[in-house]
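User: I'd like to practise reading packing and pairing features in a structure. Could you walk me through some of them?

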Amino acid sequence: MASIKIDNNKCNLCGECIPVCPFEAMEQAGNVIEINAACKMCKLCIKACPQRAIEIVHSENSVNKELWQGVLVYAQFFEGKLHPVTFELIGIGRKLASEVNMKTYALIIGHDMGNAPQELLEYGVNKVFVYDDAKLDRFCADTYANVFEDIIGELKPSVVLVGSTSIGRSLAPRVSTRFKTGLTADCTTLTIKPNTDLVQIRPAFGGNIMAQIVTSKHRPQFATVRYKVMDCASKVRPFGTVEVRQVDDDMSYTKIEVLSVIQKSAVTSITDVDVLVVAGQGVKEKEDLSLIKELAISLGGEYAVTRPLVEKGWTDYTRQIGLSGRTVKPKLIITCGVSGAIQFAACMNFSECIVAINTDKDASIFKIAHYGIIGDLYEIVPSLIEKIKGDREYAV
Amino acid sequence: MKIVVCIKQVPGTMLVDIDPETGVLKRSGISAKMNPYDLYALETALILGQQTGAHVTALTMGPPQAQAIIKEAYMMGADDGVLLCDTRFAGSDVLATSYALSGAISVIGGVDMIICGKQTTDGDTAQVGPAIAEHLKIPHVTWVKKIEDCSDSGIVVEQNMEDSFEVVRMPYPCLISVEKDIYTPRLPSYLNYKKTLNREITVLTLADLLDQDEDNYGLAGSPTQVERVFSPQPNDDQTIWDCASVDGAALLYDLLTAEKFV
């Protein structure tokens, strides 16, 4: 825990800190500068102050980190299968654990889970904790949080990793709040310090900025990670064990009653294909999306869009790449008229080959593209489709 | 019935850049607006208010300027508004924010339902709603795309899971976070504007909350700390083709062929 304090004896009210603050958190109130509730603790005011009157004050009460050991991965089992983000979480979890000589554990909650616990062992976890009960068949935030509380109390893990799925994003804040500890959402990079502090990097403040976040005085350290961000764990000869845990009535008591389940029709998800062609605001009319679709089909892939196009109602958010949509990691992604805001870039910049087409040579998408084409998508895309089609005809 | 809608003021633009020399954030716009996702939460509350006669309170935490979004909520039809405002709330992370908001909800008292937007456009975490529910020890359901029924004893909602929709029932008090497009948010009305011109906004400070221990709020009460902020690494290993001088489509076609995509 820390806070930013202004030493009023040193402060000469020069006001330099006020415009520096991106959040308008510095205010002059009479003869003092005050920091208001908009402060995000970016510390830019500390750097800006010529009088060195602003400082960060750390308080000393911290948990005993020695008592919190191990990396616990939530293995999301839902509707008969493990969510694939689980194997990616085990991948990063094992890496973190090996750096500080800890063990990796998995928690699986549900009913009739078949071979899933054994499957987890194949990815190299030291122990799988199983909570199997008919009352845990469907996800409810309250019962699953109770189970989490039980295992955290028993295991005392240093790090807890949860997938940024519909379930994970509902469950993780509930559990981290119960333990009065920190939770960092949608981490794109995770490393660990020798003192077991988890270094969490994520896009932040809604701008083109990355933030490095730590939870240095509390345990466990909760982080959520989106699907397709981390590398999948390699398979090993299983060496871990499975422990089946008791589910008591208090744990499985819920006020939430699932009345019915409606299956969505199976559609090809943009997260599961090798090639994506993305339409951004450079696509002028809804009808022009057909151009993007055609290129996607000719490359055997799917088309996707950016947030503004979903907001215009051109397509639904299952095709949206971005923090409020999906994260993708295809082998090839071609962006057409996409500017490349961080909320978009953070959710596709791990793609193997990024091609960007944009008329604006200063568009931020060119910072992350492997191949940038400065030009008009309305000229390039039709020409490219022609060439691919011509190639097919020639082959026949 | 009493409904509280949690809303937040966010920057009007998401275009923030960092000076690579000094590491200072460059602000390119100072306008602020209501988090767009909160409009859906507010609309949900107003519709339920019309159906059940529930009293709708808009609640926000922020600097004094955040009163603007309470006024906006009034113009849409909210019955009253609360601004949680204290310099000691500065720098709150998810835990501290949700704790302060849950404290305010307790002060408001007798609340049956709390409605949140899906997420904010500046934080994009979607965590504060479930965290409020945990502080208050009440059940919550996220990603609500449809209200099926709202009776005296509880609500039935349809929630959007990855591969399915679930219809679930929950008793009051409870919290839901709603999806975009659950309803179409109404526009602020001039009639309401005139009607609510002089309507008070309740301002709560730390002194009004039950727990007045400063260490539980703001930076002091936030377990997460931002160590540093930086610009994303540009990709150094890249090729740029300018169509003013080369045939971009031909070069791209050659690339796709060489990489075996065609």
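User: Let's begin with helix packing between the chains. At what angle do helix α6 of chain A and α4(B) pack?

Analyst: Two packed helices are described by the angle between their axes and the distance between the axes. Keep in mind that this is a predicted model. Here, α6(A), residues 166-178, packs against α4(B) at an angle of about 40 degrees, and the axes are 8 Å apart. That angle makes α6(A) oblique to α4(B). The crossing of α6(A) past α4(B) is right-handed.

User: Which residues of α6(A) and α4(B) meet?

Analyst: From α6(A) come Ser170(A), Pro173(A), Arg174(A), Thr177(A) and Arg178(A), and they meet Pro130(B), Ala131(B), Ala133(B), Glu134(B) and His135(B) of α4(B). Sorted by class, this contact of α6(A) with α4(B) has four nonpolar, three polar and three charged residues.

User: Now for a pair within chain B. How far apart are the axes of α3 and α4 of chain B?

Analyst: The axes of α3(B), residues 94-108, and α4(B), residues 128-136, are 8 Å apart, and the packing angle is about 55 degrees. The two helices are therefore oblique to each other. Here too you can read the handedness: α3(B) passes α4(B) in a right-handed crossing.

User: What does α4(B) contribute to the contact with α3(B)?

Analyst: α4(B) contributes Val128(B), Ala131(B), Ile132(B), His135(B) and Leu136(B). They face a set of α3(B) residues that includes Val94(B), Leu95(B), Tyr99(B), Leu101(B) and Ile105(B). By class, the contact of α3(B) with α4(B) counts nine nonpolar, four polar and no charged residues.

User: Let me zoom in on one residue of α3(B). Is Leu95(B) buried or exposed?

Analyst: Leu95(B) is buried, because 28 other C-beta atoms lie within 10 Å, and the cut-off for buried is 20 or more. Leaving out residues up to four places away in sequence, Leu95(B) touches Thr177(A), Lys180(A) and Gly182(A) of chain A, along with Ala131(B), Gly221(B), Ser222(B) and Pro223(B) of chain B.

User: Next, the sheet. How many strands form the open sheet, and in what order?

Analyst: Strands of a sheet pair through backbone hydrogen bonds, either parallel or antiparallel. In this case ten strands form an open sheet with mixed pairing, in the order β17(A)-β11(B)-β10(B)-β9(B)-β12(B)-β8(B)-β1(B)-β6(B)-β7(B)-β13(B). Its edge strands are β17 (257-263) of chain A and β13 (202-204) of chain B, each pairing on one side only. Ignoring direction, neighbouring strands of this sheet are turned by 30 degrees against each other on average.

User: In what sense do β17(A) and β11(B) pair?

Analyst: β17(A) and β11(B) pair in the antiparallel sense over six bridges. As one example, Val258(A) stands opposite Val168(B) in β11(B).

User: And what about β9(B) and β10(B): how many bridges do they share?

Analyst: β9(B), residues 140-150, and β10(B), residues 154-160, share five bridges, and the pairing is antiparallel. Lys146(B) is found opposite Glu158(B) of β10(B). Our helix α4(B) returns here: α4(B) packs on the sheet and touches β8, β9 and β12 of chain B, with its direction at about 80 degrees to that of β9(B).

User: Stepping back to the whole interface, how many residues of chain B are in contact with chain A?

Analyst: 82 residues of chain B are in contact with 88 residues of chain A. On the chain B side, strand β11(B), residues 164-171, gives the most, with eight residues. The residues on that side divide into 46 nonpolar, 21 polar and 15 charged.

User: One last strand. Which way do the residues of β15(A) point?

Analyst: In a regular strand the side chains alternate between the two faces of the sheet. Gln221(A), Ala223(A) and Val225(A) point one way from β15(A), while Phe222(A) and Thr224(A) point the other way. Five of the five residues of β15(A) are buried, so this strand is largely enclosed by the rest of the structure.

User: What pairs with β15(A)?

Analyst: Strand β10(A), residues 159-163, runs parallel to β15(A) and is joined to it by five bridges, with Val160(A) as the bridge partner of Phe222(A). Strand β11(A), residues 183-184, also pairs with β15(A) in the parallel sense, over two bridges, and Leu183(A) stands opposite Phe222(A).

Methods. Residues are numbered from 1 along each chain as its sequence is written. Chains are lettered from A and ligands numbered from 1 in the order in which they are written. This is a predicted model: local features need pLDDT of at least 70, side-chain atom pairs count only at pLDDT 80 or more; totals for chains, interfaces and linings use all residues. Axes are lines fitted to C-alpha atoms, for helices over the stretch in contact, and angles run from 0 to 180 degrees between N-to-C directions. Helices (H or I, at least four residues) and strands (E, at least two) are DSSP runs, numbered from the N terminus. Angles under 35 degrees count as roughly parallel, over 145 as roughly antiparallel, 65 to 115 as roughly perpendicular and the rest as oblique. A crossing is left-handed if the near helix is turned anticlockwise from the far one by less than a right angle, and right-handed if clockwise. Two residues are in contact if their C-beta atoms, placed from the backbone, lie within 7 Å. Ala, Val, Leu, Ile, Met, Phe, Trp, Tyr, Cys and Pro count as nonpolar, Asp, Glu, Lys and Arg as charged, and the others, Gly among them, as polar. Two strands pair if DSSP finds at least two bridges between them. A residue is buried if 20 or more other C-beta atoms lie within 10 Å of its own, exposed if 12 or fewer, and partly exposed in between; C-beta atoms are placed from the backbone.
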